Amino acid sequence: EICLLFCLFSLFRGIYFRGETGDDVVNVFYQKVTALPGDQPPVVMVTYLHFLHIRQGGLYWVATTTADSSPFTIVEFLNRLAALVKDYCGGLSEKSVQMNFALIYELLDEVLDYGHIQTTSSDMLKNFLQSEAVSSRPFSLFDLSNVGLFGADTQQSKVAPSSAAARPIQASREQGGRSEIFVDVVERMSVVVGSNGVLMKADVEGEIRVKCFMPSCSEIRIGLNEELSIGKSQLRGYGAAVRVDRCSFHQGVRLDEFDSHRILRLCPSQGEQTVMQYQLTDDLPTAPPFRLFPTIERDGTGRLILFLKLRCDLPPKSSAVNVCASVPVPKGAVSLSQELSSPDQSAELQSQNRAVVWQIPRLAGGTQLSALFKLDVPGLSSASMLEVGPVGLSFELPKFSATGLQIRFLRLSPVQPAPSQRWVRYVTHSDSYSIRI
């Protein structure tokens, strides 16, 4: 039983569903969660009250309970609630939540009844919700301003804009029943590269997400690589080997054609759902996407010199966006000067985090960029030189799959009488990418 539930829109605003706690409960949670060092545990206890929270879209989603409830149930409910808000508002952000406050309140009123969970099904809830969602950004299929950021070729050699699927599921009614299905292959890389450039660890976690905007959706069939191998068993097919170590599927996916033809069958509901999750451990089918060549030395005046060369080993037609390199430096470092190889880059010394942060908006495959930093460190010694590094990289790789997993085809069965758009997109981003120096 959830005695109180609220979503923190900024950090001081909430929705209350039972009055068994004080009005200052939001401030109590804020003080507790900001006082925690490092990673925040999902459960925080204050006297008799338990706070269970997750963080998605830059927002805290918090439930409180005084009863002896299952924390796993409540955390799972919060994840499903965040997915519902994303489906009905088009995205998770403070702005979208503020603009759809009435819709979210109505949604919570149907999902919870005096702290008891009723349903988290988008198909069932759409029959009871009356409020219309307000999109934070109008959707236009012909707006290709963000194609370079996130998008991929479709079967008709078209490209869907990055904001194409970021709209409410109710928008399909407003657009005259336009039938569209978006399939996103999203992968997260965890990589550790040694100081000699040797790959020490490489893990990839991926998932296939389907977001459906079809008013009456029939069965869809998603064809994956025929040569896809699960585990280190005998390789399949005659093409390039594509392997994952383990995978799991949504309960609504039928697998009668998966073993023989690598085809997933499902009848998706309106909204977004994850149909498949997979993992590749301690292996990459290709070389890591980035190589770093650092030079660290102390000049004659005792200043710290950092010279970084970052090379992107992606194919020439690919590129990385939102690349950020963070280099830890000794305590008390003061920035003196910096030289960057192109004007669109930026860099700063973050004294609080004791790191030099180098930001690159876009890095094309097969190219290399460099940066030179001069820092004044009081009392710089050989021991303090060891405090430099390792370098942490964060990035996004549009139209790229680290495992090589591809969507071979996406078919509707039976064929819809009205024309439908089927968009397939790929993106790989960093979960933890560390380079020792």
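Which residue in β13 does Ile222 stand opposite? It's Leu264, and the close-ups below show the sheet around that pair. This is a predicted model, where local features need pLDDT of at least 70, side-chain atom pairs count only at pLDDT 80 or more, and totals for chains, interfaces and linings use all residues. Residues are numbered from 1 along each chain as its sequence is written, and side-chain values use heavy atoms, with hydrogens and water left out.

**View 1. Three strands make an open sheet in the order β13-β9-β23, with antiparallel pairing.** Strands here are DSSP runs (E, at least two residues), numbered from the N terminus, and two of them pair if DSSP finds at least two bridges between them. At the edges sit β13 (263-266) and β23 (407-413), each pairing on one side only. Neighbouring strands are turned by 15° against each other on average, direction ignored; the axes are lines fitted to C-alpha atoms, and angles run from 0 to 180 degrees between N-to-C directions.

**View 2. Here β9 (residues 219-224) meets β13.** Four bridges join these antiparallel strands. Besides the Ile222 and Leu264 pair, Ile220 stands opposite Leu266.

**View 3. On to β9 and β23, which pair in the antiparallel sense over six bridges.** Look for Arg221 in this one: its bridge partner in β23 is Arg411.

**View 4. Both faces of β9 are covered.** Glu219, Arg221 and Gly223 lie on one side, with Ile220, Ile222 and Leu224 on the other. Six of the six β9 residues are buried (under 20% relative accessible area, 1.4 Å probe, protein chains only; exposed is over 50% and partly exposed is in between).
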